[in-house]
Amino acid sequence: MDWSAYLSRQLSERRDTSLWRQRQVNQKSDGRFLYTVDDKYLNFSSNDYLGLSANSAVISAWQQGAEQYGVGSGGSGHIAGYTKAHQLLEQQLADWLGYPKALLFISGYSANQGVIAALMTKQDRIIADRLSHASLMEAAMHSPAQLRRFLHNQPESLADLLAKPCIGKTLVVTEGVFSMDGDYAPLADIHQQTKISGNWLMVDDAHGIGVCGEQGRGSCWQQKVKPEILIVTFGKAFGLSGAAVLCDEQTAEYLIQYARHLIYSTSMPPAQAQALSEAVRQIQAGDELRQRLQQNINYFRRQAQKLPFNLTDSTTAIQPLIVSDNELSISLSRYLQQKGIWVTAIRPPTVPPGSARLRITLTASHTLQDIDMLMEVLHEFRS
């Protein structure tokens, strides 16, 4: 079979299912609205939880950084792309989150891939929560280490797997707040099981950092847990993009020497690093934003109890409505869009079969009236 025939067959098979994906060209978005060429929508699919993507101080910091450094880094941080702005951001993150070192990566996906690829060998073992993010699971599957999965948020299942012998190192992997279900991991229990067995814990706190914990320090801080490796990403509450790995000095030096995703990637623009430093300051002083977000979450959950859909137990900004059927989730998403509301349908393989959903995300920028409008349209759909 030639290349064209192979691609044609694969695309035809996917197009005939309810899993076909299409991208939408947007003009801009923020924590409340999404603008396309022709329309404006209430946006309930944004991870910009605190609305910092449109924060004037963050925007000004980027502009000042561009004036000072230009719009690109010019290379890998190992060659010419590591500037004072990068160094200051790394130190700021380390001080804020209580770690000796922070290392910047170009994305959360890259950070997860880079850490696991660098640390794990064929004698080692990764034990991951079975609902961990695709970037974690793919990294584990592609590494030479043995992969085992424990039952979602069940430390007892983890303990059973940890009790089995492994001749090499074991890395336990989980998210702090799960991206598709919005539930917290029981990090204290998971960390205890990991420490008892003498192993390391790695937590991806993409959806917890900035949103929960004192000064927005995240779910690990909130649960009084300090994993050996903490991944924080900047595409959610920070309102930008990129990621950082928090760890001790020895681990950081090892990653500088061996993490290929760090060594061979062009570093983020210094202007972006400078904007991220301002985003950290906004998050640290953002108690009012977090209170507003929590108010919106509480209000949504009270109103959603009346909906004819299954609501999960999430108490975070991620509020999935489980509709189970793939086609129904697509139809509901399209109906909302026709009514001026943007909510994306999430289907397998992103979520398990039979759990298609609307992944509704709330932000500090939403008003109670925005939530009322969403509820009204959801009721209309089933009436």
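## A tour through the fold

In the protein, residues 24 or more positions apart account for 69% of the contacts with a separation of 6 or more. Keep that in view as we go, and remember that the model on your screen is predicted.

**Stop 1: the whole chain**

Start with everything shown as a cartoon. You should find 14 helices and 15 strands in the protein. The radius of gyration is 21 Å, close to the 21 Å that the globule rule gives for 383 residues, so the protein is as compact as a globular protein of that length. Turn the C-alpha trace along its principal axes and you will see spans of about 60 × 55 × 50 Å.

Now switch on the surface. The protein exposes about 18,000 Å², and carbon and sulfur atoms supply 48% of that area. Buried residues, for their part, make up 53% of the 383 residues.

**Stop 2: the annotated domain**

Select residues 40–378. An unreviewed UniProt entry annotates this span as "domain: Aminotransferase class I/classII large". Helix accounts for 42% of the span and strand for 17%. Mark the two end C-alpha atoms of the span, and the distance between them comes out at 19 Å.

**Stop 3: a nonpolar patch by the N terminus**

Which residues make the nonpolar surface patch of about 470 Å²? Select W3, Y6, L7 and L11 to display it. L11 has its place in helix α1, residues 3–15. With a relative accessibility of 43%, L11 counts as partly exposed.

**Stop 4: the annotated lysine**

Next, select K236. The unreviewed UniProt entry gives this residue the annotation "modified residue: N6-(pyridoxal phosphate)lysine". Look for K236 in the loop between β9 (229–233) and β10 (243–247). Is K236 buried or exposed? Its relative accessible area is 19%, and because the cut-off for buried is under 20%, K236 counts as buried.

Expand the selection to what surrounds this lysine. Leaving aside neighbours within four places in sequence, K236 is in contact with N47, D48, Y49, A206 and H207.

**Stop 5: the binding-site positions**

The unreviewed UniProt entry places the feature "binding site" at R21, H133 and T350. Begin with R21, in the loop between α1 and β1. R21 is partly exposed, at 45% relative accessibility. Beyond its neighbours within four places in sequence, R21 is in contact with R14, R347, P349 and T350.

T350 is therefore a natural next click, being among the contacts of R21 as well as an annotated position. You will find T350 in the loop between β14 (345–346) and β15. T350 is partly exposed too, with a relative accessible area of 43%. With neighbours within four places in sequence again set aside, T350 is in contact with R21 and M180.

**Stop 6: salt bridges**

Side chains of opposite charge can pair when their charged atoms come close. How many salt bridges does a search of the whole structure find? There are eight, and three of them make good stops.

- Select R32 and D370. The closest N and O atoms of this salt bridge are 2.7 Å apart. The pair links distant parts of the chain, 338 residues apart: R32 is in the loop between β1 (28–29) and β2 (33–35), and D370 is in helix α14, residues 368–382. R32 is partly exposed, with a relative accessible area of 27%, whereas D370 is buried, at 4%.
- Select D181 and R357. Their side chains meet in a salt bridge of 3.2 Å, N to O. Here too distant parts of the chain are linked, 176 residues apart: D181 is in the loop between β7 (170–175) and α7 (187–196), and R357 is in strand β15, residues 356–361. R357 is buried, with a relative accessible area of 2%.
- Select R292 and E288. The closest N and O atoms of this salt bridge are 3.3 Å apart. Why are R292 and E288 separated by about one helical turn? Because they are four residues apart in helix α12, residues 287–304. R292 is partly exposed, at 33% relative accessibility, and E288 is exposed, at 55%.

Key: Residues numbered from 1 in each chain as written. Predicted model: local features only at pLDDT ≥ 70, side-chain atom pairs only at ≥ 80, totals over all residues. Heavy atoms only, no water. Patch = residues over 30% accessible without salt bridge, like charges linked within 9 Å, V, L, I, M, F, W, Y side chains within 5 Å. Areas by Shrake-Rupley, 256 points an atom, 1.4 Å probe, with all protein chains shown as cover. Salt bridge = Lys/Arg side-chain N within 4 Å of Asp/Glu carboxyl O. Buried < 20%, exposed > 50% of the residue type's maximum accessible area, 1.4 Å probe, protein only. Rg over C-alpha atoms; globule rule 2.2 N^0.38 Å. Contact = heavy atoms within 4.5 Å. UniProt positions renumbered as here; feature names shortened; annotations may be inferred.
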